[in-house]
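Colleague: I have this model open and would like to learn how to read its contacts. Could you take me through them?

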Amino acid sequence: MMLQSAPSISPDALLDVDNLVVEYPVGAKIVHAVSGVSLQIARGETLGLVGESGCGKSTLGRAVLQLRRPTAGRVLFDGHDLTTMQGDALRQMRRRVQLIFQDPIASLNPRRKIGDIVAEPLVIAGVKDPEKRERLVHEVLSAVGLDPTLVVGRLPHEFSGGQCQRICIARALILNPEFIVCDEPVSALDVSIRAQILNLLEEMKGRFGLTLLFIAHDLAVVKAVSDRVAVMYLGRLCEVGPSEQLFARPAHPYTALLIEAIPVPDPDVRPTETVPVGEPPSPIAPPSGCRFRTRCPRADQRCSDEMPELRAVAPGQFAACHHPLV
Amino acid sequence: MTGNTLLSVEDVVVDLPTPRGNLRAVDHVDLTVGAGQTLGVVGESGCGKTMLSRAILQLLPKKAKLSGRVMFDGQDLLQLPPEKLRKLRGRSLAVVFQDPMTSLNPVLTIGTQLIETLQEHLELNDATATRRSVELLAAVGIPAPEQRLAQYPHQLSGGMRQRVAIAIALSCEPKLLIADEPTTALDVTIQAQILDLLAREQRRRHMAMILITHDLGVVAGRTDEVAVMYAGRVVERAPTPALFKKMRMPYTEALLAALPKLDAAPHTPLPAISGRPPDPTRPLQGCSFSPRCRYAMSRCQREKPGLEAAETSAHQFACFHPIETHADANV
Ligand SMILES: Nc1ncnc2c1ncn2[C@@H]1O[C@H](COP(=O)(O)OP(=O)(O)OP(=O)(O)O)[C@@H](O)[C@H]1O
Ligand SMILES: Nc1ncnc2c1ncn2[C@@H]1O[C@H](COP(=O)(O)OP(=O)(O)OP(=O)(O)O)[C@@H](O)[C@H]1O
Ligand code: SF4
Ligand code: SF4
Ligand SMILES: [Mg+2]
Ligand SMILES: [Mg+2]
């Protein structure tokens, strides 16, 4: 298999994912969920990851955290290969990385009080002193904009979706992690709460010095918080580059189509009907060559014969396409 | 537009009894939709959009109390016997929900569901109904429609299921389609496809449509008129171009500002609306938006502004200090 690699723009990569492959066996068949993805995230950076439903974003995020062991490839976190770590060593490393999910209500245990939910990572990490736990819970709940005294004794169903997402963020922050995978943290929220949570994540990032992998299917949301953006299609990376550059001059036809699909709040902009027709092919039998070719307006013979590799198209910007737009 | 009004909602109130007391989900709403016109209904979660559409469809929870009048195609829906209502729904009044599984039956094939709907409302024999079903699936962009007839909803992706739900809703050529957040559960490219599909079918069939969403970006290029709802009320209503050219209601402005802008640099803080809408079981005396409104003054806490017309009667808003007036005062 050919490698897909985007050289790091910064030598100080906190996360270095190298040729990651994740496959799910289903019956006699194999779902090629992530097929040779490489990316780096510098310390303090937010990398946005976008792509359609089913393209492998969550699988990639979970494999990075070793919540799903990858089929092949390496995940270097601060220089340590997580894929070969086991037991205590892995548990120690896990304190430094966290995950925030899309569905905040479903990811909170409905029978446990908020105080206990937020304290749980401390218990798992072996913080025995109940007073210390309580103090940390109060601190982190205040940090995410909730009043600890009003919140700790209540159950998840007493909170709105936006408040539940704040609680999830508090739980993710309590061990003072360095790196957080945010898996569609605002997709289930309405426009105004979405803005509140995006602002909160940005504030927490500054305050706790976090590095983020921010997963979403909405490019406008991703652009609002990311330094760089990686675009994924059917298990592979199409394009990686600095956010503004990528939006101003997308090189991959799929990136361009994603940008066109964003609804613009301007009645003079009549939506163009140029979004890709149909839905992505099955990851059980991905197309040969370029996986996007069945929906790409520029596809030709070469696209079905030869898999495009990520190549530099501009400083810091890489696209996997035989006929890039720039 | 009054000449060919298809739907008129007159002073509709929906009350729901809850353990916390009466919850007013829809609070004196007036709306009209002309034949072949598209109305966007926009507002945050919980502001009453779905309850309003359920009031129009006469599909409210059993315990709900409804008052006012809903005139559709010359008939008063509140006075219509249940049997006639059932005939009307699915025939000339159709709906697509956010979750396609609300309208699809998980244990029946796509084909059975389409054919049953067609045969219930139109007198078609099996062969004709099957042919029409295939045509409908093709029209909503489903590849290999013949094969799909034998499939069950769970064998399709979310986007495909929503297309099937739309095909069923369109099957009997409705005069009005209510689409309640038809794309909120779908990702951006599929969202654009479904919205394009709805717009195309709406134009082609000269069908009226109510498009419900929390995203002003979704209604901008796709509706003739927009009604903004807040805490159960319509707080601003205008032809779409007029609304985007000159918003008057601070809430509408705040909703628009909260959208991430593509031309903003990364890490630009979003002007979020602080707090939440008021608890609908504890109505405020004054303007419901006053606790969150940056233009609020003392009158806003005491009195509730009514929906009034601006310079053109088509543009209405409920605010004592509409945006332009406020700006002038500062100059
Ligand atoms: N446990 C599993 N077993 C088999 N297939 C799986 C499993 N989890 C995910 N998949 C498949 O792997 C592919 C990638 O799924 P993944 O959830 O990573 O996508 P995603 O990009 O996160 O999508 P979404 O935007 O819907 O969350 C999909 O085809 C999915 O159906
Ligand atoms: N079955 C019910 N019983 C009691 N209250 C309800 C019921 N359904 C909805 N409500 C309440 O009625 C109000 C209006 O809800 P509605 O579902 O119409 O909002 P919405 O604008 O459609 O929100 P969303 O964007 O989340 O769909 C809310 O306060 C909601 O909590
Ligand atoms: S490689 Fe070919 S099919 Fe793939 S995106 Fe580029 S032009 Fe399209
Ligand atoms: S009436 Fe007052 S509080 Fe209400 S929207 Fe207008 S300015 Fe704001
Ligand atoms: Mg996912
Ligand atoms: Mg609703």
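**Domains, chains and cores**

Modeller: Let's start inside chain B: domain 1 of chain B and domain 2 of chain B bury about 2,400 Å² between them, with 54% of that from carbon and sulfur atoms. Buried area here is the accessible area (1.4 Å probe) that two parts lose on being put together, summed over both. This is a predicted model, so to speak of a local feature we need pLDDT of at least 70, and side-chain atom pairs count only at pLDDT 80 or more, while totals for chains, interfaces and linings use all residues. Residues are numbered from 1 along each chain as its sequence is written, chains are lettered from A and ligands numbered from 1 in the order in which they are written, and side-chain values use heavy atoms, leaving out hydrogens and water.

Colleague: Where do the two domains of chain B begin and end?

Modeller: Bounds like these come from an automatic or database domain assignment. For chain B, that gives domain 1 as 5–230 and domain 2 as 233–330. Their C-alpha centres lie 28 Å apart. The contact (heavy atoms within 4.5 Å) takes 28 residues from domain 1 of chain B and 27 residues from domain 2 of chain B.

Colleague: How many salt bridges are there between domain 1 and domain 2 of chain B?

Modeller: The rule asks for a side-chain nitrogen of Lys or Arg within 4 Å of a carboxyl oxygen of Asp or Glu. Between these two domains the count is 5 salt bridges. Strand 2 (21–34), helix 8 (216–220) and strand 9 (225–230) of chain B each give at least two residues to the domain 1 side, and strand 2 of chain B gives the most, with 9 residues. Helices (H or I, at least four residues) and strands (E, at least two) are DSSP runs, numbered from the N terminus.

Colleague: And between the chains, how much area is buried?

Modeller: As a general idea, the size of an interface is often given as the accessible area lost when the parts come together. Chain A and chain B bury about 3,700 Å², 60% of it on carbon and sulfur atoms. Across that interface the rule finds 0 salt bridges. On the chain A side, helix 7 of chain A gives the most, with 10 residues.

Colleague: Which residues touch the most other members of the largest nonpolar core?

Modeller: In soluble globular proteins, nonpolar side chains tend to be buried together. A nonpolar core is a set of buried Ala, Val, Leu, Ile, Met, Phe, Trp, Tyr and Cys residues joined through side-chain atoms within 4.5 Å; buried means under 20% relative accessible area, exposed over 50%, partly exposed in between (1.4 Å probe, protein chains only). The largest core has 95 residues, and V118(A), I169(A), F214(A), Y251(B) and F289(B) touch the most other members. Helix 7 (residues 191–208) of chain A gives the largest share, 8 residues.

Colleague: What does the salt bridge of K205(A) with D227(A) tie together?

Modeller: The closest N and O atoms of K205(A) and D227(A) are 3.7 Å apart. K205(A) lies in helix 7 of chain A and D227(A) in the loop between helix 8 and strand 9 (228–233) of chain A, so the pair ties together parts 22 residues apart in sequence. K205(A) is buried at 11% relative accessible area, whereas D227(A), at 28%, counts as partly exposed.
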